[in-house]
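Trainee: I am new to this structure and would be grateful for a close look at a single part of it, with the terms explained as they arise.

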Amino acid sequence: MASIAVRLVLACGLVFSAGQPLCAGALAIAANTSDPAPRAAWQAAIAQFQRENPDINVRLSVYDHESYKKAIRQWLTGGAPDVVFWFVGQRMREFAARDLLEDVSSLYTDAVRAELHKGAVDLVSLAGRQYGVPYAYYQVGLYFRRDLMKGTGAPVPQTWNDLLAACDKLKAGGLEPFAIGSKDLWPTAAWFDYLNL
């Protein structure tokens with residue numbers, strides 16, 4: 001999936017933000033990939049793309065996550081980069097519904113669709129059209145310490161009722177059942193979404 005995403009994201013003519021297609025000259029990419037590993041991967045992909053397409057100068061601008069979330073709204077309404085990184089699902093659909101993202105459905109050939117999970121394509125789609133290219137995923141979940149569960153006699157949860165029973169046992173043992181770091185607000189929202197699911 002990653003190789004397809006790199007080919008699609010860096011393909012000549014791909015413009016995610018509203019603007020004119022670009023086939024030569026400069027390609028401006030704004031990203032929130034400030035963590036070292038994803039940033040290095042994208043820099044390597046861009047270097048390869050530039051070797052294969054020397055007439056296109058790619059400029060990657062990387063921002064920290066919180067600054068990026070604020071800036072993208074301004075970019076998309078005026079002076080947008082050619083390619084932006086953004087969240088799939090409802091967040092992407094909000095921009096696509098306001099015509100702030102380009103329709104890139106033509107990139108989704110039968111061969112490309114065969115390599116991507118249908119759920120991944122659905123997450124970059126609105127009304128049957130695609131407005132982005134999935135390139136990664138991450139897992140959000142609840143983790144527990146078996147030693148604390150065992151020490152309080154809390155059952156290892158397999159169902160919602162098991163989870164509630166474990167919480168009661170942990171509380172009775174003087175332990176807070178849940179803890180979450182919320183320096184950034186998005187983990188708290190993600191945690192709630194997964195509980196909701």
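Mentor: Let us begin with one pair of side chains: those of Asn 32 and His 65 are joined by a polar contact of 3.4 Å. A polar contact is a pair of N or O atoms within 3.5 Å; within protein, one must be able to donate a hydrogen and the other to accept it, and residues adjacent in sequence count only if both atoms are side-chain atoms. This is a predicted model, in which local features need pLDDT of at least 70 and side-chain atom pairs count only at pLDDT 80 or more, while totals for chains, interfaces and linings use all residues. Residues are numbered from 1 along each chain as its sequence is written, and side-chain values use heavy atoms, with hydrogens and water left out.

Asn 32 belongs to the loop between β1 and α2. Helices (H or I, at least four residues) and strands (E, at least two) are DSSP runs, numbered from the N terminus. With a relative accessible area of 17%, Asn 32 is buried; that word means under 20% relative accessible area, whereas exposed means over 50% and partly exposed lies in between (1.4 Å probe, protein chains only). Not counting residues up to four places away in sequence, Asn 32 touches Tyr 63, His 65, Tyr 68, Phe 85 and Phe 87, a contact being heavy atoms within 4.5 Å.

The strand on one side of this loop, β1, covers residues 25-31 and pairs with β2 in the parallel sense over seven bridges. Two strands pair if DSSP finds at least two bridges between them. Two bridges also join β1 to β3, again in parallel. The result is an open sheet of three strands in the order β2-β1-β3. Its edge strands are β2 (56-62) and β3 (83-84), each of which pairs on one side only. Helix α2 (residues 36-52) packs on this sheet and touches β1 and β2, its direction making about 170° with that of β2. Here axes are lines fitted to C-alpha atoms, for helices over the stretch in contact, and angles run from 0 to 180 degrees between N-to-C directions.

Within the sheet, Ile 29 stands opposite Leu 60 in β2 and opposite Val 83 in β3. Ala 28 stands opposite Arg 59 in β2. In a regular strand the side chains alternate between the two faces of the sheet. Five of the seven residues of β1 are buried, so this strand is largely enclosed by the rest of the structure.

Together, β1, α2 and β2 form a right-handed β-α-β unit. The crossover is called right-handed if, with the strands pointing away from the viewer, the path from the first strand over the helix to the second runs clockwise.

As for the wider setting, the protein has nine helices and five strands, and 33% of its 197 residues are buried. Its mean pLDDT is 82, and 87% of the residues reach 70 or more; pLDDT is the predictor's confidence in each residue, from 0 to 100. Over residues 1-22, pLDDT stays under 50, and the model has 63 contacts beyond four places in sequence for that stretch.
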